Amino acid sequence: MIILGIETSCDETSVAILDEAHGLLAHLIHSQVTVHAPYGGVVPELASRDHIRKLLPLVRQALAQASLQSGDIDGVAYTAGPGLIGALLVGATFGTTLAAAWRCPAIPVHHMEAHLLAPLLEPASPCFPFVALLVSGGHTLLVEVLGIGRYRVLGETLDDAAGEAFDKTAKMLGLPYPGGPQLARLAGCGRSDRFAFPRPMLRRPELDFSFSGLKTAVVQQARDLAPAGVLAEADRADLASSFQEAVVDVLVARSQRALDVTGMRRLVVAGGVGANNRLRQRLHDELTARGREVYYPRHEFCTDNGAMVALAGCRRFPGRPTSDHAITARARWGLEELSPP
Ligand code: KG4
Ligand code: ZN
């Protein structure tokens with residue numbers, strides 16, 4: 001089975017072709033960073049317009065890269081939500097139309113399900129069941145995963161998502177958009193123990209998260225260091241590093257606790273913040289020390305990508321051709337609403 005995957009939920013236009021037997025045949029990601037950078041964040045309307053411009057050329061390029069014709073594609077999977085509604089509608093309309101023209105099924109995919117299945121794209125992939133830590137710009141979730149579509153949310157953020165906290169703190173430190181990876185880079189030059197920022201909710205038994213207080217603590221500290229607003233380079237790096245360490249502490253401790261309460265030993269990390277090297281290193285060291293396993297996809301499969309959408313589509317393939325080419329796009333869509341294929 002060969003599936004074309006289309007991702008347009010936010011600011012990456014991505015297309016992939018996945019062959020169930022032979023793996024990924026093509027994977028293209030077009031980042032809209034330069035479109036949104038002047039505004040310091042994603043502008044939804046501009047995101048939609050850029051997806052429209054890029055999708056068809058990317059699909060053509062992917063088919064050429066895979067040396068395939070449209071007739072070789074068995075199904076078109078597209079991200080149906082959650083995400084920016086305009087951006088989702090572009091991918092959903094485009095994917096469904098392609099599927100209708102190519103007389104194959106269109107498969108609507110849940111963006112977070114695609115993220116949590118992304119580690120299955122790797123050669124050393126985890127078996128079910130596992131706990132998934134989903135950390136992206138829009139979500140921070142701990143999920144018990146018993147199989148495809150069998151999800152129980154164990155905890156989630158009560159305010160900012162982890163990626164959002166990275167991005168907002170980065171902006172406050174004067175770093176260019178997109179802030180998360182830039183902050184992580186700056187943190188590499190700083191001291192993580194200089195400022196004792198709060199570890200929100202860590203003393204509480206629930207598995208929820210809260211990051212907005214942490215962000216405020218960094219703002220306060222920055223004001224104390226530089227009342228006139230110009231931070232010394234070393235101070236910026238130490239703030240970044242101490243902030244990152246606080247976020248990582250919380251994510252590691254919460255993940256360990258989720259494994260304790262579910263009695264599981266495998267953790268899967270997915271979503272853009274899963275690309276953070278400090279988080280990867282700490283999870284690896286601390287989980288393996290307790291006889292546990294941690295799986296993360298390579299960086300390009302952590303952030304938004306078409307490969308994970310193709311994979312989720314493959315696992316949810318309808319089995320028989322459908323004549324129903326209804327377009328599905330949902331800005332909000334809970335993981336627990338899904339059921340097994
Ligand atoms: O999953 P993703 O690509 O898009 C969403 O669905 O949100 O995640 C993007 C988020 C952004 O907030 C970005 O700043 C963050 O992931 N991110 C990182 C790193 N790389 C991306 N945060 C911390 N460290 C990184 N290396
Ligand atoms: Zn995402």
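Pro82 is placed in the loop between strand 4 (75-81) and helix 3 (85-102), where helices (H or I, at least four residues) and strands (E, at least two) are DSSP runs numbered from the N terminus. The peptide bond that joins Gly81 to Pro82 is cis, with omega near -10°. The model is predicted, so that local features need pLDDT of at least 70 and side-chain atom pairs count only at pLDDT 80 or more, whereas totals for chains, interfaces and linings use all residues. Residues are numbered from 1 along each chain as its sequence is written, chains are lettered from A and ligands numbered from 1 in the order in which they are written, and side-chain values use heavy atoms, with hydrogens and water left out.

A cis peptide bond also leads from Tyr177 to Pro178, with omega near 0°. Pro178 belongs to the loop between helix 5 (162-172) and helix 6 (179-187).

Positive phi angles occur at Ser67 and at Arg103. Ser67, although not a glycine, has a phi of about 55° and is found in the loop between helix 2 (44-65) and strand 4. The residue Ser67 is exposed, with a relative accessible area of 62%; exposed denotes over 50% relative accessible area, buried under 20%, and partly exposed the range in between (1.4 Å probe, protein chains only). Arg103, likewise not a glycine, has a phi of about 55°. The loop between helix 3 and strand 5 (106-110) contains Arg103, which is exposed at a relative accessible area of 76%.

The zinc ion (ligand 2) has as its protein donors His111 (NE2), His115 (NE2) and Asp304 (OD), lying 2.1 Å from the ion. Donors are N, O and S atoms within 2.8 Å of the metal (3.2 Å for Na, K and Ca); water is not among the atoms, so sites may look incomplete. Along the chain, the donors follow the spacing H-x3-H-x188-D. His111 and His115 are four residues apart in helix 4 (residues 111-117) and are therefore separated by about one helical turn. His111 is buried, at 6% relative accessibility, and His115 is buried as well, with a relative accessible area of 0%.

The arrangement around the zinc ion (ligand 2) is irregular because the four donor atoms subtend angles of 93 to 151°. Four donors count as tetrahedral if all angles lie between 85 and 135 degrees; four count as square planar and six as octahedral if opposite donors are over 155 degrees apart and all others between 65 and 115, and anything else is irregular.
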